[in-house]
Amino acid sequence: MPKTLLRAASAFLLTLTALNAPAAYADDVTPVAVTVNARAALSTVPETGIGSNHAIWDTNLGTDETADRLKDAGVKMLRYPGGSYSDIYHWADHTAPGGYVAPNTDFDTFMRGVRRTGAQAMVTANYGTGTPEEAAAWVRQANVTKGYGVKYWEIGNENYGNGHYGSAWEADNHADKSPAEYARNVVAYADAMKAVDPTIKIGAVLTAAANWPDAIVADGDSGTWNKVVLSIAGPKIDYVIVHWYPGALDKAGHVPDTIQLTRQQIAKYAGPGSERIGIAMTEFNTGSSSNGTNTQPGALAAADSYATLLANGVFTVDWWNVHNGIGNVTQVEGHTDYGDFGLLSSGVCTSDGSVCEPALNTPFAPYYALQMVSKFARPGDQFIRAATDQAKVSAHAARRPNGDLAVLLINTSSDTSYPVAIDYSGYTPASGAPTVLTHTNGATSITTSTTGSAASQTLPPLSLTTLILHPATAQTGRPGAPGQPTASQVTDKAATISWPAATPGSRPIVKYELYRQNGAISEQLGETSGTSFTVNNLKPGTRYTLNVIARDSGGGLSWASPPLTFTTGTPASSSCSVRFTVQTDWASGYVGGIDITNNGAPVNGWTLNFSWPRTWQSLGSGWSAVWTQNGPDVKVVNESGNGSLATGASTTIGFVGNYSGPNVLPAVSTLNGTVCTTQ
């Protein structure tokens, strides 16, 4: 071959090599530090955690093959009759005027599939075009006549979408479409339905934090949808319903604030005993067809979100949908994404027949995500804190009643195989290779192997990996976990923590230890031989999550108690006070006001400082002062006309705040260096 051709061939081969460069290998990558902390307990895995939606327009709703697929995925909750169809569906004659009802999708067929799956049912009563009497008759048919024992009943679906806030997709025949009218009807539905079966649980529709129309107050309303609904219907409900379609694959970090804000609203507005009210995520999907609705990126986001939601106490997360149908077809990470929000293929084609889905009931990648989560965190397990130092790798962990530990590792990198070095706090795994469950990009099953060690594994690109570990020593004879802690006498710097005593094991309990969760690291705050302890030296306006652990006379440790989360206040008295207000909110930004009052000696010139609590918050603009932002920190300096504040004098300044996640308002601010009382 002539030299010129050799050079050309060499250049061509080099080009091919560059274009087809292999993924980065573990030997080339700095190991990811993973921390697993058994002292930092989160919620217990509920029986109903892994769920999905069924829809009456799905011809395959009642088939044995569908039920068996769902059972294999670990699905334990099935919702019926399907999203917005719920508000046009009449169960007695199995009709949905204005919609399509597929054959063999009636309630009895649904319940047969529920039982074959080994799941529980959640039924959405028709609020939009139905009545309390119709819903009560359904309860009678289900639980008295048929003996199905359906426990969970929600009143309507996304009823804030009835046009009250401008956008309308939900059927609602009520002349009054306000949240107050919805709440009054929830009370009527609850009374009628519980008169038939007092054991059922009633759920009411709320909006999720930072999801439209959260925070919007419509004309004539006394507050937001959530505030009004909870204030009126709170005493009659047992759980609330939120839906979440984040539209991006990296939003699991929003979950703790979303759930915490929902709990705060429940506690503030739902009345005495509101701690009984649970939270259900009855529709969830990544909602991101451009990034991979039914390919591996969507699966990784699903696993991350399911684990995070359940660890934060949501009692069910229900995927939308079992079957959904083909949508916008794209190529994602080397595979065809059909834009299908279903767990299973519908086996259909595009309208022009150019692209067809795989055979009916073929699992899409998110199916394996739910299956992996169900294998990782089983009902009765207790989530514990886990974290990594690499943004592309996330970690979750759960402790099992028999002492085993499961660790779920998610590698979202498209091209890097990450080695991980895992450190365990409060737990010593047995030596030897653990059981490893793995799902990789394009795989059609979860594989099982015995490889690596408890401390060292390698994560393939775009993968889900679960380690199942055994303890190094027997777990018998240890104390039981302390009961649910509570906080009282919470100030800006202190709180009294109390808890039910733990049950002794083979040796007497000698003390209780209190630990604060600081990320995945536990900070011991104190210990006592009693069941109450006052924690001092806390920071004002700070959210704390604590666990209590019992220690016996032989040094044996219990499981950590359920978590307690509380937020300290600001000084009861200070030389200044500040009040943040939200004047107008459009669910991605708001006009805010800050009232500043000088309670001390006269001030001639002032500087107000505060920090945004979250990275997704920022200052848009401000007025009546000079505003600057540096990172999360905001500095506000008086203008010439409002710099002098006599004792007792106030001034008001305003701003536009932006947010792309749950909007947690600043809790602490200082005026000329002094921490103010936040009103």
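**Exercise 1. Classify W91 and W138 by burial, then characterise their ring pair.**

*Solution.* In this predicted model, W91 has a relative accessible area of 16% and is therefore buried, since buried means under 20%. The value for W138 is 2%, so W138 is buried by the cut-off that was applied to W91.

The next step concerns the rings. A search of the whole structure finds 37 aromatic pairs. In the pair of W91 and W138, the ring centres are 6.1 Å apart and the planes stand at 15 degrees, so the pair is stacked. The cut-off for this class is an angle under 30 degrees.

The last step is to locate the two residues. W91 belongs to the loop between β3 (77-80) and α3 (107-117), whereas W138 belongs to helix α4 (residues 132-145). With these positions 47 residues apart, the pair links distant parts of the chain. W91 and W138 are also members of a cluster linked by ring pairs, together with Y80, Y89, F107, F110, Y148 and W153.

**Exercise 2. Determine the burial classes of Y165 and W212 and the geometry of their pair.**

*Solution.* Y165 has a relative accessible area of 13% and is therefore buried. For W212 the value is 32%, so this residue is partly exposed; that class lies between 20% and 50%.

The rings of Y165 and W212 are 6.1 Å apart, centre to centre, with 80 degrees between the planes. An angle over 60 degrees counts as edge-to-face, and the pair is therefore edge-to-face. Y165 lies in the loop between β5 and α5, and W212 in the loop between β6 and α6. These residues are 47 positions apart, and their pair links distant parts of the chain.

**Exercise 3. Trace the chain through strands β5, β6 and β7, giving pairing and handedness.**

*Solution.* Begin with β5 (residues 152-155), which pairs with β6 in the parallel sense over 3 bridges. Within this pairing, E154 stands opposite G203 in β6. Between the two strands comes helix α5 (residues 179-196), and the β-α-β unit formed by β5, α5 and β6 is right-handed.

Strand β6 (residues 201-205) is mostly covered, with 4 of its 5 residues buried. On the way to β7, the chain passes through helix α6 (residues 225-233), and this β-α-β crossover is right-handed. Strands β6 and β7 (residues 239-244) are parallel and share 3 bridges. Here V205 faces I241 in β7.

**Exercise 4. Give the strand order, edge strands and twist of two open antiparallel sheets.**

*Solution.* Consider first the sheet of 4 strands, whose order is β23-β22-β25-β26 and whose pairing is antiparallel. Its edges are β23 (521-528) and β26 (564-567), each of which pairs on one side only. Neighbouring strands of this sheet are turned by 35 degrees against each other on average, direction ignored. Inside the sheet, β22 (residues 509-518) and β25 (residues 543-552) pair over 7 bridges in the antiparallel sense. K511 has R551 in β25 as its bridge partner.

Consider next the sheet of 3 strands, with the order β20-β21-β24 and antiparallel pairing. The edge strands are β20 (486-488) and β24 (532-535), each pairing on one side only. From one strand to the next, the twist averages 30 degrees. Strand β20 is joined to β21 (residues 495-498) by 3 bridges, and the two run antiparallel. A487 stands opposite I497 in β21.

How values were computed:
Residues numbered from 1 in each chain as written. Predicted model: local features only at pLDDT ≥ 70, side-chain atom pairs only at ≥ 80, totals over all residues. Heavy atoms only, no water. Pairing = 2+ DSSP bridges. Axes fitted to C-alpha atoms, helices over the stretch in contact; angles between N-to-C directions. Buried < 20%, exposed > 50% of the residue type's maximum accessible area, 1.4 Å probe, protein only. Right-handed = clockwise from strand over helix to strand, strands pointing away. Phe/Tyr/Trp six-rings, centres within 6.5 Å; stacked < 30°, edge-to-face > 60°.
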